[in-house]
Amino acid sequence: MSRRNCWICKMCRDASKRLPSNLTSEEVLQWAQSFEKLMATKYGPVVYAAYLKMEHSDENIKFWMACETYKKTASRWSRTSRAKKLYKIYIQPQSPREINIDSSTRETIIRNIQEPTQTCFEEAQKIVYMHMERDSYPRFLKSEMYQALLKTSRPNSNS
């Protein structure tokens, strides 16, 4: 997703662009209450991912979202395949989207993916969530993107 093609980025450049009709000012305001609330809303993770992409640091949100999908994988064969893919993309040293985790967590994952369970990436996911919450989330709230969304989002129609 390039900045040129991202609907959120286009909207932020031109406030007259139409936002999704479901995105309310209440939802946008809720994002500032906590990182947990941002991640629990419909558009929050999508907007946050677009912001991180613009900051060239979207590997954490992509890993976190991939883990959420991975945890729902019921088939053992699919779980094994996805675990290897997650490792290759995010965990393996020098991988294309290597996340910042400590070596003991990395070693645990290497052991766990031999017989992957739905929780084998849980510790790494917690670390990544903490990095996003402490580092990039405060910058997101101060960003031009978030400020533009505050100005252009619509009041809740139920009000």
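This briefing walks through the helices of one protein and a handful of its residues. The model is predicted. The protein has 9 helices and 0 strands. From the N terminus on, its elements run α-α-α-α-α-α-α-α-α.

**Overall build**

- The protein has 159 residues, and buried residues make up 42% of them.
- Take the contacts between residues at least 6 apart in sequence: 61% of these join residues at least 24 apart.

**Helix α8**

- Helix α8 covers residues 122-142, which is 21 residues.
- From first C-alpha to last, α8 reaches 29 Å. That is close to the 30 Å expected at 1.5 Å a residue.
- α8 has a bend of about 45° at Ser136. A proline, Pro138, follows within four residues.
- Ser136 is also one of the buried residues of α8. The others are Ala124, Gln125, Ile127, Val128, His131, Met132, Tyr137, Phe140 and Leu141.
- An α-helix has 3.6 residues a turn, so residues three or four places apart point the same way.
- Several helices help to cover the buried residues of α8. They include α2 (25-31), α3 (35-40) and α4 (44-54). They also include α5 (59-71), α7 (103-112) and α9 (144-152).

**Where α8 meets α9**

- The axes of α8 and α9 come within 5 Å and cross at roughly 50°.
- The two helices, α8 and α9, are therefore oblique to each other.
- On the α8 side, the contact involves Phe140, Leu141 and Lys142. On the α9 side, it involves Glu144, Met145, Tyr146 and Gln147.
- The residues of this contact of α8 with α9 divide into 4 nonpolar, 1 polar and 2 charged.
- Gln147, in helix α9, touches Leu141 and Lys142, leaving out residues up to four places away in sequence.
- Is Gln147 buried or partly exposed? Its relative accessibility is 31%, so Gln147 counts as partly exposed.
- Gln147 and Val28 are 119 residues apart in sequence, but their C-alpha atoms are 9.7 Å apart in space.

**Where α5 meets α6**

- α5 packs against helix α6 (residues 76-91) at an angle of about 170°. Their axes are 11 Å apart.
- α5 and α6 are therefore roughly antiparallel to each other.
- α5 contributes Glu59, Lys62, Phe63, Ala66, Thr69 and Tyr70 to the contact. α6 contributes Arg79, Arg82, Ala83, Leu86, Tyr90 and Ile91.
- The residues of this contact of α5 with α6 divide into 7 nonpolar, 1 polar and 4 charged.

**Two buried residues**

- Asn60 is found in helix α5. Its relative accessible area is 12%, so Asn60 is buried.
- Which residues does Asn60 touch, not counting those up to four places away in sequence? They are Ile99, Val128, His131 and Met132.
- Val128, His131 and Met132 are among the buried residues of α8.
- Phe35 has its place in helix α3. At 1% relative accessibility, Phe35 counts as buried.
- Leaving aside neighbours within four places in sequence, Phe35 is in contact with Tyr48, Tyr129, Met132, Glu133 and Tyr137.
- Phe35 and Arg134 are 99 residues apart in sequence. In space they are 9.0 Å apart, C-alpha to C-alpha.

**Helix α4**

- α4 is mostly covered, with 8 of its 11 residues buried.
- Those buried residues are Gly44, Pro45, Val47, Tyr48, Ala49, Ala50, Tyr51 and Leu52.
- Tyr48 is also one of the residues in contact with Phe35.

**Two positive phi values**

- Most residues other than glycine have a negative phi.
- His56 comes just after α4, in the loop between α4 and α5. Its phi is near 60°, a positive value in a residue other than glycine.
- Is His56 buried or exposed? With a relative accessible area of 71%, His56 is exposed.
- Gln94 is found in the loop between α6 and α7. Gln94 has a positive phi of about 70°, although it is not a glycine.
- At 73% relative accessibility, Gln94 counts as exposed.

Definitions and conventions
Residues numbered from 1 in each chain as written. Predicted model: local features only at pLDDT ≥ 70, side-chain atom pairs only at ≥ 80, totals over all residues. Heavy atoms only, no water. Expected span 1.5 Å × (residues − 1). Bend = angle between axes of the 7 residues up to and from the residue. Buried < 20%, exposed > 50% of the residue type's maximum accessible area, 1.4 Å probe, protein only. Contact = heavy atoms within 4.5 Å. Axes fitted to C-alpha atoms, helices over the stretch in contact; angles between N-to-C directions. Parallel < 35°, antiparallel > 145°, perpendicular 65-115°, else oblique. Nonpolar A, V, L, I, M, F, W, Y, C, P; charged D, E, K, R; others polar.
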